[in-house]
Amino acid sequence: MKILVTVGMMSMVATCFSDTLVISDSPTIVRNAEIREAIRQDSTWTSENIQKNPYLFLQDQIAACDKLKAKIEAQNITLVRMEKQANRKIEESDGMQTRYSKFLTDAKAAYKAVNGKWPVSVNGYDLDEEEFNDKIADAMERVELAKKEHKDNAAIAKKVSIRKGVLKTKKRELVSLRMKLVQQAEQVKMNSALAEIGDLK
């Protein structure tokens with residue numbers, strides 16, 4: 001019995017059985033046991049072995065699809081966490097930038113109001129010239145840090161979003177491939193059953 005195997009299926013080849021496998025005229029249960037043992041002893045599917053037992057090959061590929069799907073889902077969970085963390089940091093950096101930008105605006109207005117007299121009252125705090133200059137320098141530095149943090153985390157969030165889109169596409173392709181494999185496995189199983197009934201005649 002022959003089966004057409006797509007390139008996509010061949011790329012997912014995992015476990016397999018030996019070229020030396022001989023299918024006997026034994027009952028199905030015995031043959032299946034022989035095949036399972038041959039698979040256990042070898043690790044490479046070949047075209048010849050796929051033709052000898054296409055159903056087992058297809059079952060193996062279905063299992064590989066399930067394993068890959070689980071891996072994609074695990075990666076997606078990690079990406080969701082990363083995205084939430086990046087978005088939280090963006091919000092924090094935006095809040096910090098807003099607070100310190102407001103302080104700089106208030107300090108500038110307070111300084112103008114006193115016409116160069118010290119201390120200057122900013123947001124209820126009286127600051128002498130040295131304290132005032134230190135606070136201004138600190139606020140400007142924090143604004144720049146907040147801008148950088150926003151930019152860095154926005155880049156991470158964008159990369160995560162792109163990666164999530166790639167995984168979504170791969171998962172959709174994988175689900176489609178698995179359905180095709182299941183259909184082919186059912187067809188092979190049916191053909192095998194029909195062949196056994198033919199042998200009884």
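Helices here are DSSP runs of H or I with at least four residues, and they are numbered from the N terminus. With that in hand, we can place a starting residue: lysine 171 is found in helix α5. Keep in mind as you look around that this is a predicted model.

Let us stay with lysine 171 for a moment. Its relative accessible area is 30%, so lysine 171 is partly exposed. Leaving out residues up to four places away in sequence, lysine 171 touches Lys69, Ile72 and Glu73. Cysteine 65 is 106 residues away from lysine 171 in sequence, yet the two C-alpha atoms are 9.6 Å apart in space.

Now step back to the whole chain. It has five helices and two strands, and from the N terminus on the order of these elements is α-α-α-α-β-β-α. Of the 201 residues in the chain, 25% are buried. The accessible surface comes to about 13,800 Å², and carbon and sulfur atoms account for 55% of that area. If you take the contacts between residues at least 6 apart in sequence, 72% of them join residues at least 24 apart.

Isoleucine 90 gives a good example of such a long step along the chain. This residue lies in helix α4. Is isoleucine 90 buried or exposed? Buried means under 20% relative accessible area, and isoleucine 90, at 14%, therefore counts as buried. Setting aside neighbours within four places in sequence, the contacts of isoleucine 90 are His150, Asn153 and Ala154. Alanine 154 is 64 residues from isoleucine 90 along the chain, while their C-alpha atoms are separated by 6.9 Å.

Next, the charged side chains. Counting pairs with a side-chain nitrogen of Lys or Arg within 4 Å of a carboxyl oxygen of Asp or Glu, we arrive at nine salt bridges. One of them joins glutamate 83 and lysine 164, whose closest N and O atoms are 2.8 Å apart. Glutamate 83 lies in helix α4 and lysine 164 in helix α5, so this pair ties together parts that are 81 residues apart in sequence. Lysine 164 has a relative accessibility of 25% and so counts as partly exposed.

Two further salt bridges stay within a single helix. In the first pair to visit, aspartate 106 meets lysine 102, with 2.9 Å between the closest N and O atoms. What separates aspartate 106 and lysine 102 along helix α4? They are four residues apart in that helix, so about one helical turn lies between them. Aspartate 106 has 22% relative accessibility, which means that it counts as partly exposed.

The other pair sits in helix α5, where aspartate 152 and lysine 148 are four residues apart, about one turn of the helix. Their side chains meet in a salt bridge of 2.8 Å, taken from N to O. The two partners fall into separate exposure classes: aspartate 152 is partly exposed, with a relative accessible area of 35%, whereas lysine 148, at 51%, counts as exposed.

Let us move on to the stretch that follows α4. Proline 119 lies in the loop between α4 and β1, the strand of residues 120-122. The peptide bond that leads from tryptophan 118 to proline 119 is cis, with omega near -5°. Further along, asparagine 123 is found in the loop between β1 and β2. What is the phi of asparagine 123? Phi is near 50° there, a positive value in a residue other than glycine. Asparagine 123 has a relative accessible area of 48%, so it is partly exposed.

Asparagine 123 also brings us to the last stop, the second largest pocket. The lining of this pocket consists of Tyr100, Phe103, Val122, Asn123, Tyr125, Leu127, Lys135, Asp138 and Ala139. Elements that give two or more residues to this lining are α4 (54-114), β2 (125-127) and α5 (129-200). The largest share, three residues, comes from α5. Sorted by class, the lining has six nonpolar residues, one polar residue and two charged residues. The pocket has a volume of about 170 Å³.

Key. Residues are numbered from 1 along each chain as its sequence is written. This is a predicted model: local features need pLDDT of at least 70, side-chain atom pairs count only at pLDDT 80 or more; totals for chains, interfaces and linings use all residues. Side-chain values use heavy atoms; hydrogens and water are left out. On a 1 Å grid over the protein atoms alone, a cavity is a set of points where a 1.4 Å probe fits but cannot get out, and a pocket is an open set with protein on both sides within 12 Å along at least five of seven lines; lining residues have an atom within 4 Å of a point. Grid points are joined across faces, edges and corners, and a volume is the space filled by probe spheres set on the points. Ala, Val, Leu, Ile, Met, Phe, Trp, Tyr, Cys and Pro count as nonpolar, Asp, Glu, Lys and Arg as charged, and the others, Gly among them, as polar. Buried means under 20% relative accessible area, exposed over 50%, partly exposed in between (1.4 Å probe, protein chains only). Contact means heavy atoms within 4.5 Å. Accessible areas come from the Shrake-Rupley method with a 1.4 Å probe; for residues, only the protein chains shown count as cover.
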